[in-house]
Amino acid sequence: MARRSADPESCTRSSAGLRRSDRFLIGLHEAERVVLVSHINPDPDSLGSMLGLSHLVEARLGKPTLITRDGLVTRAENRAMVDVLNLDLLPIEEVDWRSTDAIVMVDSQPNTGRHSLAETTDLHAVIDHHDTPGELDGVPFVDIRSNLGATCSLVTKYMMEQNVAIPEKVATALLYGIETEVTGYPREAGPADDEALLYLYPLADKDMIAQIRNARLPQSHFESMLQALQSSFIYDRLIISWVDSLAQPDHAAEIVDLMIRFEKVDWAVCGGIFEDKLILSVRASIEDARAGELLRQVVGKLGRAVGTIAEPAAASACRAPRPPPSTNSSPNCAADS
Ligand SMILES: [Mn+2]
């Protein structure tokens, strides 16, 4: 993701002397329950952020919380994270919404198409690190820091400010969430990410992290990889790969993660079909490539661009249902990281 806006520490305290974590918690006083939502196909940064805020709210306010799952968790490492940490995620379509809920969105922003919440849903808070502009009018609490590599770093900072003890499971999720966002090269991290990593490291279960990072892969991963290797061609500093039928949309991302390591290219694109959708995934290995933004512009021309894409040199994917052959209708497109 981009680190383009300054976030001086002086902004952390309001004129009333309140830190952002104070204002976040104060704003929840009237809620009877806090429901945490994130982007579709939640990644470790989303999962860790929801878990961290859930713990913060329960520890400081004693209010019940709900951690939701929008769409599926498919990437092997992400599924391992859910299993190993035994995360209790409620599918978002099964939430019994109540008027006394406060809905907190993490790692995403309203009406960017990255989530399946109704446009009219009233959000209490948006906490994110992407610089994708969402519709934030009327949201009482907004904390978006695009100078951070991960939303988990921001959530860790809240917990440090509030002096809340972080249980091992929560620390492990936060640490892994940050790690997945900042380990690419060029490394998209700032001092606050490193501060959070240092704080969490002694608290986290490193064996669990190793288990998640080395998750076992399904046979379909290797089948997709084989097809991608056989179909790849190089154009200048770009490698393009195609997979006819992706068993999981995340396989496209896994393929570009491998291809971008190839020394003869700076860009890797993988396309494939998952169910009735075109999936595109892009990686760039050069500084300030803004691959996500580029992809978003490409997909935006085809229909509703949904994706963020704040990881310029990292993951991004586009889903575009194929239009019926007899019409000229534009397909909807989605992009996610
Ligand atoms: Mn993130």
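**Helix packing in a predicted model**

Helix 8 passes helix 9 in a right-handed crossing. I start with that pair, then work through the other helices. One caution: this is a predicted model.

So, the geometry. Helix 8 covers residues 219-231, and helix 9 covers residues 250-259. Their axes come within 10 Å and cross at roughly 55°. Helix 8 is therefore oblique to helix 9. Who makes the contact? On the helix 8 side, it is S220, H221, S224, M225 and A228. On the helix 9 side, it is H251, E254 and I255. By class, that contact has three nonpolar residues, four polar and one charged.

Stay in helix 9 for a moment. V256 sits in this helix. Is V256 buried or exposed? It is buried, because 26 other C-beta atoms lie within 10 Å of its own, and 20 are enough to count. Set aside the neighbours within four places in sequence, and V256 still touches A268, V269, C270, S281, V282 and R283. S241 is 15 residues away from V256 in sequence. In space, the C-alpha to C-alpha distance between V256 and S241 is 8.4 Å.

Now the whole chain, quickly. The protein chain has 337 residues, and 49% of them are buried. It holds 10 helices and 13 strands. Take the contacts with a separation of 6 or more: 67% of them join residues 24 or more positions apart.

Next, helix 5. This helix runs over residues 168-182. It has two partners to show you.

Partner one is helix 2, residues 44-61. The axes of helix 2 and helix 5 are 8 Å apart, at an angle of about 150°. Over 145 degrees counts as roughly antiparallel, so that is the label for this pair. The crossing of helix 2 with helix 5 is left-handed. Helix 2 brings P44, D45, L47, G48, S49, L51, G52 and H55 to the contact. Helix 5 brings V170, A173, L174, Y176, G177, T180 and E181. The class split here is seven nonpolar, six polar and two charged.

Partner two is helix 7, residues 206-213. The axes of helix 5 and helix 7 come within 10 Å, crossing at roughly 45°. The pair is therefore oblique. The hand of this crossing is right. T172, L175 and Y176 of helix 5 meet M208, I209 and I212 of helix 7. Five of those residues are nonpolar, one is polar and none is charged. Note Y176: it appears in the contact with helix 2 and also in the contact with helix 7.

What comes after helix 5? A loop leads from helix 5 to helix 6, and P186 lies in it. Check the peptide bond from Y185 to P186: it is cis, with omega near 0°.

That takes us to helix 6, residues 191-200. Which of its residues are buried? They are A192, D193, A196, L197 and L200. These cover an arc of only 140° around the axis, so they fall on the same side of helix 6. The face turned away from that side carries P191 and L198, both exposed. What covers the buried residues of helix 6? Helix 4 and helix 5 are among the elements that do.

Helix 4, residues 151-161, is mostly covered itself. How many of its 11 residues are buried? Nine are. The run is T151, C152, S153, L154, V155, T156, K157, Y158 and M159. After helix 4 comes N163, with a positive phi near 55°.

Two further positive phi values deserve a look. N41 has a phi near 50°, and it is not a glycine. N41 lies in the loop between strand 1 (33-37) and helix 2. N41 counts as buried, because 23 other C-beta atoms lie within 10 Å.

The other is D236. Its phi is positive at about 55°, again in a residue that is not a glycine. The loop here joins strand 7 (233-235) and strand 8 (238-245). D236 has 9 C-beta neighbours inside 10 Å, so it counts as exposed. So these two loop residues part ways on burial: N41 is buried, whereas D236 is exposed.

Conventions:
Residues numbered from 1 in each chain as written. Predicted model: local features only at pLDDT ≥ 70, side-chain atom pairs only at ≥ 80, totals over all residues. Helix = DSSP H or I, 4+ residues; strand = E, 2+ residues; numbered from the N terminus. Buried ≥ 20, exposed ≤ 12 C-beta atoms within 10 Å, placed from the backbone. Contact = placed C-beta atoms within 7 Å. Axes fitted to C-alpha atoms, helices over the stretch in contact; angles between N-to-C directions. Parallel < 35°, antiparallel > 145°, perpendicular 65-115°, else oblique. Left-handed = near helix turned anticlockwise from the far one by under 90°. Nonpolar A, V, L, I, M, F, W, Y, C, P; charged D, E, K, R; others polar. Arc of directions from axis to C-beta.
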